[in-house]
Protein chains: 2
Amino acid sequence: MMGESSNGLASRVGGQIHVIGAGLLGASIGLGLRAHGVDVTLEDASPTTALLAADYGAGRPRTAEDPDPALVVVATPPDVTADVVERALAAFPRSFVTDVASVKLAPFRELQRRGIDLTNYVGSHPMAGRERGGAIMARADLFVARPWIICRDGDTPAAALSLIEAIALELGATPMEMTPEEHDRAVGLVSHVPQAVASLLAGRLLPASEQAIGLAGQGLRDTTRIAASDPELWVQILGANHRPVVEALEALQADLAEFTDALRAPDSPGARRRIADLLAAGVRGVSRIPGKHGSSERFTTVTVLIDDRPGQLAALLTELGELGINMEDLRLEHSPGAQIGFAEIGLLPEVAGRAVADLTERGWRTL
Amino acid sequence: MMGESSNGLASRVGGQIHVIGAGLLGASIGLGLRAHGVDVTLEDASPTTALLAADYGAGRPRTAEDPDPALVVVATPPDVTADVVERALAAFPRSFVTDVASVKLAPFRELQRRGIDLTNYVGSHPMAGRERGGAIMARADLFVARPWIICRDGDTPAAALSLIEAIALELGATPMEMTPEEHDRAVGLVSHVPQAVASLLAGRLLPASEQAIGLAGQGLRDTTRIAASDPELWVQILGANHRPVVEALEALQADLAEFTDALRAPDSPGARRRIADLLAAGVRGVSRIPGKHGSSERFTTVTVLIDDRPGQLAALLTELGELGINMEDLRLEHSPGAQIGFAEIGLLPEVAGRAVADLTERGWRTL
């Protein structure tokens with residue numbers, strides 16, 4: 001997918017790319033670009049971080065002899081993105097400048113407010129953040145198969161747009177165009193609001209008894225998994241995108257109040273109907289989430305019991321391969337105190353019946 | 001785990017077990033008991049359902065010649081549990097009676113209110129429900145590795161308690177004793193509240209644009225997965241356990257209001273601190289959820305890129321087996337539009353470093 005010897009991108013860039021901010025995203029972009037033969041220079045507010053990223057092969061420090069870069073990539077935390085973009089545009093007035101912050105409107109508005117000429121600036125957002133940050137986690141293939149949103153406006157030069165699209169594509173991402181407003185509203189809904197809700201739900205587990213927590217199943221684990229993310233980073237992201245997130249949280253608050261009110265007196269007229277309507281809306285909402293390959297089809301889940309021994313799951317998957325059954329999704333489920341697990345396999349509905357029959361014949365226990 | 005020829009349970013029971021309600025749980029209990037040589041009789045409000053379950057081998061219809069059963073298992077929806085338990089106690093005054101409803105206090109209180117002698121009644125709850133119900137989904141091994149909560153009181157005969165414990169154990173479950181109040185509060189927190197929150201969060205996706213939904217990642221998928229569950233069943237469960245659930249939802253509402261208020265003006269004094277505190281509480285809360293085998297240890301996650309071809313994941317797991325690396329958890333992640341996926345492998349921290357080195361040496365790409 002990423003040819004090590006491809007020089008198409010380097011000649012397309014036609015110069016250097018300067019990365020400001022050598023954390024996970026900046027260093028990963030540097031690694032990816034260098035794998036395509038692009039000359040990458042690096043800087044970071046922390047000289048140690050810049051040196052570390054350089055040691056990892058993400059780029060080299062800029063020198064006085066270097067010409068203006070073709071593109072500056074600002075990969076700093078959202079709180080300082082506008083400042084760093086402003087400085088980059090001033091320092092390199094003939095270079096294109098992009099940023100990769102996970103909020104797009106706040107930095108853009110701040111730059112507009114300062115009266116800066118933004119012709120050469122194009123905001124972007126590769127959706128490839130992970131809980132663990134830092135140059136030490138950087139990977140050239142971090143962006144493979146991820147959306148990379150690009151926020152151009154009418155003044156964006158075609159050359160800037162196509163350069164950033166080419167970089168996104170060569171790093172394995174899927175470029176998508178959105179306005180900053182569309183981007184922030186979308187990530188607010190699909191990323192920032194679920195983060196807030198998962199955190200608040202997980203916070204309610206603090207006063208629970210050990211006995212209650214001991215009954216936790218896969219449902220609770222799934223709904224709260226992302227609550228383990230870094231609070232400091234999320235305070236910045238949520239703060240920078242607070243308007244769409246607050247709007248969505250207010251709508252959720254209203255639904256939660258309606259739901260709780262109805263549940264307070266479930267036998268009063270209409271109460272069960274209101275609860276059922278809200279639950280049914282959830283069924284329809286979750287069915288809108290695309291599965292694998294952008295398809296919104298739901299798979300049929302077949303659950304197979306597996307002993308908790310190394311090799312058991314591999315054996316199951318090997319047999320599925322032998323049977324010519326393509327697995328669309330896989331999830332492992334464990335129960336407290338048990339030496340046995342469940343592999344929940346997502347299959348296309350038309351093969352699920354045969355899969356159960358074939359697996360049963362081979363001695364697997366399916367649910 | 002479940003010896004087909006074991007007759008220990010049958011002689012322990014010392015008679016018949018009569019199952020009322022031949023849905024997923026009732027039919028699965030019937031199948032499991034019959035695998036242990038127990039004589040199981042079945043009835044259901046729908047004669048067709050009872051016949052279907054009998055055809056599946058879950059038991060046989062009661063006849064006029066059958067003696068009183070040693071135990072009656074009431075496996076009906078929560079709304080009618082009290083009625084059916086009352087009838088069973090009246091019909092078989094010398095038999096023990098249990099139920100398997102997912103709420104425990106409401107049926108118990110209702111039976112008390114009616115002034116019924118509950119000496120022979122012991123409520124229980126095998127936590128083995130699935131989204132898909134019906135006798136057709138029944139499995140003798142449905143209860144393997146699941147908690148089976150038993151709610152006795154001071155009057156419960158030791159013989160009744162030990163009989164139900166023996167059944168739970170022989171069906172592969174882990175019996176746990178709780179009061180009805182403890183049970184309902186616990187499942188309210190770890191199961192009913194997450195269900196409500198996931199449904200409400202998923203419901204907020206209905207008005208979203210296709211473009212926004214297209215950016216959905218694993219975080220949104222995980223937080224909303226259980227929203228696909230059957231609304232009709234959940235209206236009953238939530239209605240029957242509304243007090244603990246409402247109490248927990250009110251606490252969540254208060255947290256959500258505080259969070260939203262702080263986020264509305266994130267630059268006002270103390271606002272970011274309040275947001276950070278709520279997010280940090282989520283980090284601590286999620287760390288309380290037991291992982292595999294009841295352990296609350298967190299695993300180190302290693303992400304491996306896999307092509308979307310049958311056999312790729314099996315090959316990875318086979319190589320992990322060859323390397324002697326025991327996988328503690330596994331999760332597949334797909335991105336929209338991509339022909340590539342990520343296998344997130346949970347490993348004990350002490351083996352994670354070696355696993356990355358070994359896998360990389362064998363040509364796998366890890367993140």
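**Getting to know chain A and its partner**

Chain A splits into domain 1 (8-178), domain 2 (185-287) and domain 3 (294-361), with bounds taken from an automatic or database domain assignment. This is a predicted model: local features need pLDDT of at least 70, side-chain atom pairs count only at pLDDT 80 or more, and totals for chains, interfaces and linings use all residues. Residues are numbered from 1 along each chain as its sequence is written, while chains are lettered from A and ligands numbered from 1 in the order in which they are written.

Biologist: How far apart do the C-alpha centres of domain 1 and domain 3 of chain A lie?

Modeller: For scale, the C-alpha trace of chain A spans about 70 × 55 × 40 Å along its principal axes. Between the C-alpha centres of those two domains of chain A, the gap is 41 Å.

Biologist: What share of the residues in chain A is buried?

Modeller: Let's pin the word down: a residue is buried if 20 or more other C-beta atoms lie within 10 Å of its own, exposed if 12 or fewer, and partly exposed in between, with C-beta atoms placed from the backbone. Chain A has 367 residues, and the buried share is 51%.

Biologist: Around α4(A), how wide an arc do the buried residues cover?

Modeller: Helices here are DSSP runs (H or I, at least four residues) and strands are too (E, at least two), numbered from the N terminus. In α4 of chain A, residues 81-91, the buried ones are T81(A), A82(A), V84(A), V85(A), A88(A) and L89(A). They sit on the same side of α4(A) because the arc they cover around the axis, taken from the directions from the helix axis to the C-beta atoms, is only 165°.

Biologist: Which helix gives the most to the side of chain A that touches chain B?

Modeller: Contact means two residues have C-beta atoms, placed from the backbone, within 7 Å. Here 110 residues come from chain A and 110 residues from chain B. Several elements of chain A each supply at least two residues to that side, including α11 (242-264), α12 (271-287) and β10 (329-334). With 17 residues, the top giver is α7(A).

Biologist: On the side of chain A that touches chain B, how many residues are nonpolar?

Modeller: Ala, Val, Leu, Ile, Met, Phe, Trp, Tyr, Cys and Pro count as nonpolar, Asp, Glu, Lys and Arg as charged, and the others, Gly among them, as polar. That side has 26 polar and 20 charged residues, and the nonpolar count is 64.

Biologist: Which residue with a positive phi follows α5(B)?

Modeller: Helix α5 of chain B covers residues 105-113, and its buried residues include F108(B) and L111(B). Following α5(B), with phi near 70°, comes G115(B).
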